Amino acid sequence: EFEENFLIYTGTDFAKGVGNATQGLHLALASLDIGVGDEVIVTPYTFIASASSILMQNAVPVFCDCDPHTRALSAEKIAAHISDRTRAIVVVHMFGYPADMDPILELAQKHGLCVIEDASHALGAYYDGNPIGQNKYSDASVFSFHPVKMITTGEGGAILTNNEKSEISLSI
């Protein structure tokens, strides 16, 4: 019931409850076939799980500084870190302030990169009139329900996607 209500709230096709956001990030990366030696761009201005989930896939976190105004990754800063081994970007929305997703998605599409939104700190935030997590701008989004978050279940998390391939992978 919680998953169904989360889908309605965000306007997303698929949701799975998970033990915590770390598990959600790990599952998102695994479902997108991120693996050994792949590079994933992420900001260091976040909880360690944003990077450690990349390491769980034997992939390489590539740290990219955030924009001082949004406190999130920007397309301009990400572009300087893209290499031939880059496969994905983990965009962290901090303190309820969403990253500027339009230019990030455009850059990702140009380079064939997956985008995962770490929305652990952004439940209730909106970007361009849409709730964060809607996956209009990404392959998957992950939320946390840790006791310090906006909504808590004591712990726990959720992963949302409109990507049917990810949903199949998560259902295994």
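Start by selecting threonine 161 and aspartate 139: the side chain of threonine 161 reaches the backbone oxygen of aspartate 139 at 2.6 Å. Keep in mind as you click around that this is a predicted model. Threonine 161 sits in strand β9, residues 157-161. Is threonine 161 buried or exposed? With a relative accessible area of 1%, threonine 161 is buried, because anything under 20% counts that way.

**Next stop: helix α2**

Select residues 21-31 to bring up α2. Look first at the start of the helix, where a side-chain oxygen of asparagine 20 comes to within 3.1 Å of the backbone nitrogen of threonine 22. Now colour the buried residues of α2: Ala21, Gly24, Leu25, Ala28, Leu29 and Ser31. If you wonder about the spacing, residues three or four places apart in an α-helix point the same way, because there are 3.6 residues a turn.

Alanine 30 is also in α2, but it is partly exposed, with a relative accessible area of 32%. Draw a C-alpha to C-alpha distance from alanine 30 to methionine 56: they are 26 residues apart in sequence, yet 9.2 Å apart in space. Then step past the end of α2 to aspartate 33, which has a positive phi, near 60°.

**Add helix α3**

Now show residues 49-56, which form α3. How do the axes of α2 and α3 meet? They come within 9 Å and cross at roughly 45°, so the two helices are oblique to each other. The crossing of α2 past α3 is right-handed. To see the contact, show side chains for Thr22, Leu25, His26 and Leu29 on the α2 side, and for Ala49, Ser50, Ser52, Ser53, Ile54 and Met56 on the α3 side. Sorted by type, the residues of this contact are 5 nonpolar, 5 polar and no charged.

Stay on α3 and pick out its buried residues, Ala49, Ser50, Ala51, Ser53 and Ile54. What do the buried residues of α3 pack against? Turn on α2 along with strands β2 (39-42), β3, β4 and β5 (114-118), and you have their partners. Leu25 and Leu29 are worth a second look, since they are buried in α2 and also take part in the contact with α3.

**Into the loops**

Go back to the loop between β2 and α3 and select proline 44. At 47% relative accessibility, proline 44 is partly exposed. Beyond its neighbours within four places in sequence, proline 44 touches Phe63 and Cys64. Its C-alpha lies 9.1 Å from that of valine 62, with the two positions 18 residues apart in sequence numbering.

**Last round: positive phi**

Most residues other than glycine have a negative phi, so the next few are worth a click. Just after α3, asparagine 58 has a positive phi of about 60°. Arginine 71 is another, with phi near 60°; find it in the loop between β3 (60-63) and α4 (75-79). Arginine 71 is partly exposed, at 39% relative accessibility.

Finish at phenylalanine 95, in the loop between β4 (86-92) and α5 (101-111). Its phi is positive too, near 55°. Is phenylalanine 95 buried, partly exposed or exposed? Its relative accessible area is 46%, so phenylalanine 95 counts as partly exposed.

Definitions and conventions: Residues are numbered from 1 along each chain as its sequence is written. This is a predicted model: local features need pLDDT of at least 70, side-chain atom pairs count only at pLDDT 80 or more; totals for chains, interfaces and linings use all residues. Side-chain values use heavy atoms; hydrogens and water are left out. Buried means under 20% relative accessible area, exposed over 50%, partly exposed in between (1.4 Å probe, protein chains only). Helices (H or I, at least four residues) and strands (E, at least two) are DSSP runs, numbered from the N terminus. A polar contact is a pair of N or O atoms within 3.5 Å; within protein, one must be able to donate a hydrogen and the other to accept it, and residues adjacent in sequence count only if both atoms are side-chain atoms. Axes are lines fitted to C-alpha atoms, for helices over the stretch in contact, and angles run from 0 to 180 degrees between N-to-C directions. Angles under 35 degrees count as roughly parallel, over 145 as roughly antiparallel, 65 to 115 as roughly perpendicular and the rest as oblique. A crossing is left-handed if the near helix is turned anticlockwise from the far one by less than a right angle, and right-handed if clockwise. Contact means heavy atoms within 4.5 Å. Ala, Val, Leu, Ile, Met, Phe, Trp, Tyr, Cys and Pro count as nonpolar, Asp, Glu, Lys and Arg as charged, and the others, Gly among them, as polar.
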